[in-house]
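Visitor: I should like a close look at a single part of this model, namely its aromatic pairs. Please describe them in a connected account, and then turn to the pockets.

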Amino acid sequence: MELRQLATFVAVAEEGSFTRAADRLHVVQSAVSAGVRNLEKELGVMLFDRSTHSVKLTDAGRALLPEARATLAAAQAARDAVDEARGGLRGTVVLGTMQAQGMRAIDLAGILAAFRAEHPAVEVEIRHVGGSSDMAHEVRDGRLDLAFVALPGDGPSGLELIPLAREPIMLAIAAGHPLADRSDIELAALRNETLVDLPTGWGIRMAVNRSFASAGVTRTVTYEVNDTATMIDFIRNGLAIGLLPRSLVETTEDIAFVPIRDHPPQFQTAIAIPANRLLAAATRAMLETIKRHTRI
């Protein structure tokens, strides 16, 4: 059994496709197919169910996947130790980030500059993959090494969240709206209001959904937009009301913020790390740099 075979198997399992696995590994699809077949022949089991439109793991494949990841991580750790002994950390860190407005509590440029000064031989790739929920799953499945996310609670299984910042999410409303002068408000009072929000799977949306569910209040999102700037414009122009952290709004003269009295949602920024595999040395170094620069 070769490390290359295990890496090919993991790529197919994580991508759910031989074609996408070939793209990820920068090889032709026939090489991926041959690598999986050889591994299956060596183990004497089928690792993938190829009868469906998408490639799915068999029971044997699901049993092998965590062990394959652990073996590859151990091999990477051995390479890292040799690199460090030769006088310098090397490798690549793929780091997921949220949209710029959601990253205001994080000095991303400062973190990257400090990391490059300390580890010039490590390549850092920045990715933005959908919302926080999508990036969390990308970390868990190995397509991202780390990611800045905003998730309520503990996040999905197979993931550890290290808290970085926390801020209350408040009702954001045009200054002339009848609710703008309230000192605080219950979520039930928003049931029949026209609401604007971000897509499902984004951190703010998930936190707000969780609070409405806890309060037993059903709401309807009339406008779903994919950036906070558009959401703020809708609120400012009186098209809808929404729930946002105050720090995301630069100019607040024409927008009022009203605290939520019951089940107030929180915007929690965290760094997501995999709980199901060892971190490579370069990834550990990036995590330590992030911790230093966010003072956690």
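Guide: In this predicted model, 3 aromatic pairs are present. One of them joins Phe18 and Phe48, whose ring centres are 6.0 Å apart; their planes meet at 65°, over the 60 degrees required, so the pair is edge-to-face. Phe18 belongs to helix α2 (residues 18–25) and Phe48 to strand β1 (residues 48–49), so this contact ties together parts that are 30 residues apart in sequence. Phe18 is buried, its relative accessible area being 10%, and Phe48, at 2% relative accessibility, is also classed as buried. Another edge-to-face pair is formed by Tyr223 and Phe234, with 5.1 Å from centre to centre and 80° between the planes. Since Tyr223 lies in strand β8 (residues 221–224) and Phe234 in helix α8 (residues 228–236), the pair ties together parts that are 11 residues apart in sequence. Tyr223 counts as partly exposed, at 29% relative accessibility. Ring pairs also link Phe9 with Phe18 and Phe48 in a cluster.

As to the pockets, the largest has a volume of about 1,200 Å³. It is lined by 34 residues, of which Arg24, Gln76, Thr92, Gly142 and Asp145 are the closest to its centre. Helix α2, which holds Phe18, is among the elements that supply at least two residues of this lining, while α4 provides the largest share, 7 residues. By class, the lining comprises 16 nonpolar, 6 polar and 12 charged residues. The second largest pocket encloses about 220 Å³, and α1 and α3 (29–43) are the elements that each give two or more residues to its lining. That lining consists of 5 nonpolar, 4 polar and 2 charged residues.

Technical notes:
Residues are numbered from 1 along each chain as its sequence is written. This is a predicted model: local features need pLDDT of at least 70, side-chain atom pairs count only at pLDDT 80 or more; totals for chains, interfaces and linings use all residues. Side-chain values use heavy atoms; hydrogens and water are left out. Rings of Phe, Tyr and Trp (its six-membered ring) pair if their centres lie within 6.5 Å; planes under 30 degrees apart count as stacked, over 60 as edge-to-face and the rest as tilted. Helices (H or I, at least four residues) and strands (E, at least two) are DSSP runs, numbered from the N terminus. Buried means under 20% relative accessible area, exposed over 50%, partly exposed in between (1.4 Å probe, protein chains only). On a 1 Å grid over the protein atoms alone, a cavity is a set of points where a 1.4 Å probe fits but cannot get out, and a pocket is an open set with protein on both sides within 12 Å along at least five of seven lines; lining residues have an atom within 4 Å of a point. Grid points are joined across faces, edges and corners, and a volume is the space filled by probe spheres set on the points. Ala, Val, Leu, Ile, Met, Phe, Trp, Tyr, Cys and Pro count as nonpolar, Asp, Glu, Lys and Arg as charged, and the others, Gly among them, as polar.
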